[in-house]
Amino acid sequence: MQKEEAEKKLQETMEKFMKLVSIRLPDDVLEKLKECRDKESSDMQKVIYDSYFENLDVAIKEQRPCCQDTGLLHFYLKAGSEFPYLGVVEEALRKATRNATRDIPLRQNTVNFFEERNTKDNTGERIPWIHWDIVPDDDHLEVCTYYAGGGCCLPGCAKVFTPFDGYGAIVKYVFDAVAGLGVNACPPLIVGVGLGTNVENAAVLSKIAYLRPLGTHHPNPKGAKMERDLCDGLNRLGIGAQGLPGKVAAMEVHIESSARHTATIAVGVNVACYAHRRGFITFDRDLKATIRGYRGAEL
Ligand code: SF4
């Protein structure tokens, strides 16, 4: 396939996929929200969850985005080193973002930093945000598409501690982020925690953490235990859906980690809201697309 043809095919498939992700929550998130509703006992919390579900149903019926804040587009790529169209991927994603903004439509959220002017098509300097991981000896391209709303970006933070501060500093930092601005991010939240050596690797890892499918755990048993303990603790804060009194502040806590410098412990926190518009699509070398996490959906 010629490069131009490949770029167009990638772009058009991504536009259809972005529409699906903007309208419908992935199955794992929807199922988890139902579990969260079952754990709540107050009438107010049940009413909030019911309004979430009603909103999500109407979005599908009307084929409209399920939240007014369609955010900025983030794409996390796992690109095989043998995927034949690596050179056209970024342009295809930028064009798909422009067209999706016009056609779905998405809210025009993107403002170039110093000009402070809305670009009106959700592209701008380094936006959509595209993060590459190269997978050696593989010929597929996986695109994790994520709509990053303003409310769920606000609580994000990263800090470097010393080992002298201990792991307790990690716990306090996560709790402060969730109990602070986290309540504005339309709980219940998926809390991503990145643990590493400096601010940028902790921040990126915290993002990768909350993009992970629900029900997955850190591969290290101690990491998996820390995920459970943090989630149990956050769910004793008395924060429920929409930040109002309730029992479930966090759907799950996910940790991703790296080795660290002996003198540093870096922590990043990123939260995702109940409207967790995250979807995975994989292209093979012939650009045949497979989506996962949306039962029965076709592009
Ligand atoms: S936090 Fe999420 S659900 Fe709430 S307004 Fe923002 S994007 Fe929408």
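**Ligand shell, helix packing and backbone geometry**

Q: How do the residues of the shell around the ligand divide into nonpolar, polar and charged?
A: In this predicted model, the shell around the ligand divides into seven nonpolar, two polar and two charged residues. The residues concerned are Cys67, Gln68, Asp69, Gly149, Cys152, Ala185, Cys186, Cys273, Tyr274, Ala275 and Arg277. Asp and Arg count as charged, whereas Gly counts as polar, so Asp69 and Arg277 fall in the charged class and Gly149 in the polar one.

Q: How do you know that the ligand lies between domain 1 and domain 2?
A: The chain is divided into domain 1, which takes in 3–24 + 66–149 + 277–292, and domain 2, which takes in 151–272. Both domains give residues to the shell around the ligand, and therefore the ligand lies between them. The centres of the two domains, taken over C-alpha atoms, are separated by 26 Å, and their contact takes eleven residues from domain 1 and 13 residues from domain 2.

Q: Why is helix 1 called oblique to helix 4 when their axes cross at roughly 45°?
A: The axes of helix 1 (residues 3–23) and helix 4 (residues 89–103) come within 8 Å, and the crossing angle is roughly 45°. Helix 1 is oblique to helix 4 because this angle is neither under 35 degrees, nor over 145, nor in the range 65 to 115. The crossing of these two helices is right-handed. On the side of helix 1, the residues that meet helix 4 include Leu10, Met14 and Met18, and among their partners in helix 4 are Val89, Leu93 and Ala96. By class, this contact has eight nonpolar, three polar and five charged residues.

Q: What makes helix 2 and helix 3 roughly antiparallel to each other?
A: Helix 2 (residues 27–39) and helix 3 (residues 43–62) pack at an angle of about 160°, with axes 9 Å apart. Because angles over 145 degrees count as roughly antiparallel, that is the term for helix 2 and helix 3. Their crossing is left-handed. Helix 2 contributes Leu30, Leu33, Lys34, Cys36, Arg37 and Asp38 to the contact, while helix 3 contributes Lys46, Tyr49, Asp50, Phe53 and Leu56. The contact of helix 2 with helix 3 has six nonpolar, no polar and five charged residues.

Q: The axes of helix 6 and helix 8 cross at roughly 45°; why is helix 6 called oblique to helix 8?
A: For helix 6 (residues 167–179) and helix 8 (residues 221–234), whose axes come within 11 Å, the angle is roughly 45°. Helix 6 is therefore oblique to helix 8, since this value lies outside the parallel, antiparallel and perpendicular ranges. Helix 6 passes helix 8 in a right-handed crossing. Tyr167, Ile170, Val171, Val174, Phe175 and Val178 of helix 6 meet Met226, Leu230, Gly233 and Leu234 of helix 8. The residues of this contact divide into nine nonpolar, one polar and no charged.

Q: What makes Glu116 worth a remark, given its phi?
A: Most residues other than glycine have a negative phi. Glu116, which is not a glycine, has a positive phi of about 55°, and Glu116 lies in the loop between helix 4 and strand 2.

Q: Which peptide bonds, into Pro105 and into Pro128, are cis or trans?
A: Most peptide bonds are trans. A cis bond nevertheless joins Ile104 and Pro105, with omega about -10°, and the bond from Ile127 to Pro128 is cis as well, with omega near 5°. Pro105 lies in the loop between helix 4 and strand 2 (129–135), and Pro128 is found in the loop between helix 4 and strand 2.

Conventions:
Residues numbered from 1 in each chain as written. Predicted model: local features only at pLDDT ≥ 70, side-chain atom pairs only at ≥ 80, totals over all residues. Heavy atoms only, no water. Near = heavy atom within 4 Å. Domains from an automatic or database assignment. Axes fitted to C-alpha atoms, helices over the stretch in contact; angles between N-to-C directions. Helix = DSSP H or I, 4+ residues; strand = E, 2+ residues; numbered from the N terminus. Left-handed = near helix turned anticlockwise from the far one by under 90°. Contact = heavy atoms within 4.5 Å.
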